[in-house]
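Good morning, and thank you for coming. I shall begin with a pocket, then turn to the core, and close with a few individual residues. Please look at the structure as I speak.

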Amino acid sequence: MTRTIFEKSDAIILVAEVFRELGYEGASMSNITARTKLSKGSLYHFFPGGKEEMAAEIMANIDAWFVNEMFKPLEEDEPHAAIARMWETTDTYFRSGRRICLIGAFALDETRDRFAAAIQAYFNRWIEALAGALTRAGLKTTEANALAEEAVVGIQGALILARALGDDAIFGRTLRRWRERVEAKLG
């Protein structure tokens, strides 16, 4: 039985979970319709460009969420509070390590070339936003840039390792250690 969806945003959420589970290449239209319970007609109504448009819309949706919930606060709010919020937001979004980073997953396979600009923009914005907050909080620019890059690497690596080992607690421990490390640097 097919599912009735009236909003494109609802379809984006459903299709994103299929891409998270199967990857871009593994998510055939048959798999997408079966797992979302949306008809092919509904999918093509929302995404006339097919699977590539679905992925682009999903990445834009993810990016918009991160801009509003994490990047803008890091760029505009009081830095200590924004950095503290980043740890909580990261844990919530990635469901304490139970949800992969779809943009990170796309960066790891041949999908990367198809969506290189969007993938690079997402990670660059995260690193730059965090580095800016760290600089405003008192770190030297070079130290803030290095620490921000290492923190994003640590978060992404923890997501991969938690998934690979089937141990979500790895993600929580990693976030806690990074939070403590950053707080220690900021005094």
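Let us start with the lining of the largest pocket, where helix H6 supplies the largest share, five residues. Please keep in mind throughout that this is a predicted model. The volume of this pocket is about 300 Å³. Which elements give two or more residues to its lining? They are helix H1, residues 8–26, helix H6, residues 102–107, and helix H9, residues 141–165.

In total, 18 residues line the pocket. Nearest its centre lie Ile100, Cys101, Gly104, Ala105 and Leu108. As for the character of the lining, twelve of its residues are nonpolar, three are polar and three are charged.

I turn now to arginine 99. This residue sits in the loop between helix H5, residues 79–93, and helix H6. Is arginine 99 buried or exposed? Its relative accessible area is 13%, and because the limit for burial is under 20%, arginine 99 counts as buried.

What does the side chain of this arginine reach? One partner is glutamate 17, whose side chain makes a polar contact with the side chain of arginine 99 at 3.3 Å. Another is tyrosine 93: here the arginine side chain meets the backbone oxygen, at 3.2 Å. If we set aside neighbours within four places in sequence, the residues in contact with arginine 99 are Glu17, Arg20, Tyr93, Phe94 and Leu159.

A second arginine, at position 85, belongs to helix H5. Arginine 85 has a relative accessibility of 34% and is therefore classed as partly exposed. Again leaving out neighbours within four places in sequence, arginine 85 is in contact with Asn68, Glu69, Pro73 and Asp77. Phenylalanine 66 is 19 residues from arginine 85 along the chain, and the C-alpha atoms of the two are 12 Å apart.

Next, the nonpolar core. The largest one comprises 61 residues. Which of them have the most contacts inside it? They are Phe19, Tyr122, Trp126 and Leu134. Helix H4, residues 50–76, gives the most to this core, contributing ten residues.

Leucine 134 deserves a closer look. With neighbours within four places in sequence left aside, its contacts are Ile83, Leu139, Ala144, Leu147, Ala148, Val182 and Leu186.

My last topic is the end of helix H2 and the loop that comes after. Threonine 36 is part of helix H2, and it is buried, with a relative accessible area of 1%. Where does its side chain make a polar contact with the backbone? The threonine 36 side chain reaches the backbone oxygen of isoleucine 32 at 2.6 Å. In addition, a polar atom of that side chain lies 3.2 Å from the backbone nitrogen of leucine 38.

Leucine 38 itself lies in the loop between helix H2, residues 29–36, and helix H3, residues 40–46. Leucine 38 has a relative accessible area of 2% and so is buried. Along the chain, leucine 38 and threonine 92 are 54 residues apart, and 27 Å separates their C-alpha atoms.

To summarise, the largest pocket has a lining with twelve nonpolar residues, arginine 99 is buried and contacts glutamate 17 through its side chain, and threonine 36 is linked by polar contacts to the backbone of isoleucine 32 and of leucine 38. Thank you for your attention.

Terms used. Residues are numbered from 1 along each chain as its sequence is written. This is a predicted model: local features need pLDDT of at least 70, side-chain atom pairs count only at pLDDT 80 or more; totals for chains, interfaces and linings use all residues. Side-chain values use heavy atoms; hydrogens and water are left out. On a 1 Å grid over the protein atoms alone, a cavity is a set of points where a 1.4 Å probe fits but cannot get out, and a pocket is an open set with protein on both sides within 12 Å along at least five of seven lines; lining residues have an atom within 4 Å of a point. Grid points are joined across faces, edges and corners, and a volume is the space filled by probe spheres set on the points. Helices (H or I, at least four residues) and strands (E, at least two) are DSSP runs, numbered from the N terminus. Ala, Val, Leu, Ile, Met, Phe, Trp, Tyr, Cys and Pro count as nonpolar, Asp, Glu, Lys and Arg as charged, and the others, Gly among them, as polar. A nonpolar core is a set of buried Ala, Val, Leu, Ile, Met, Phe, Trp, Tyr and Cys residues joined through side-chain atoms within 4.5 Å. Buried means under 20% relative accessible area, exposed over 50%, partly exposed in between (1.4 Å probe, protein chains only). Contact means heavy atoms within 4.5 Å. A polar contact is a pair of N or O atoms within 3.5 Å; within protein, one must be able to donate a hydrogen and the other to accept it, and residues adjacent in sequence count only if both atoms are side-chain atoms.
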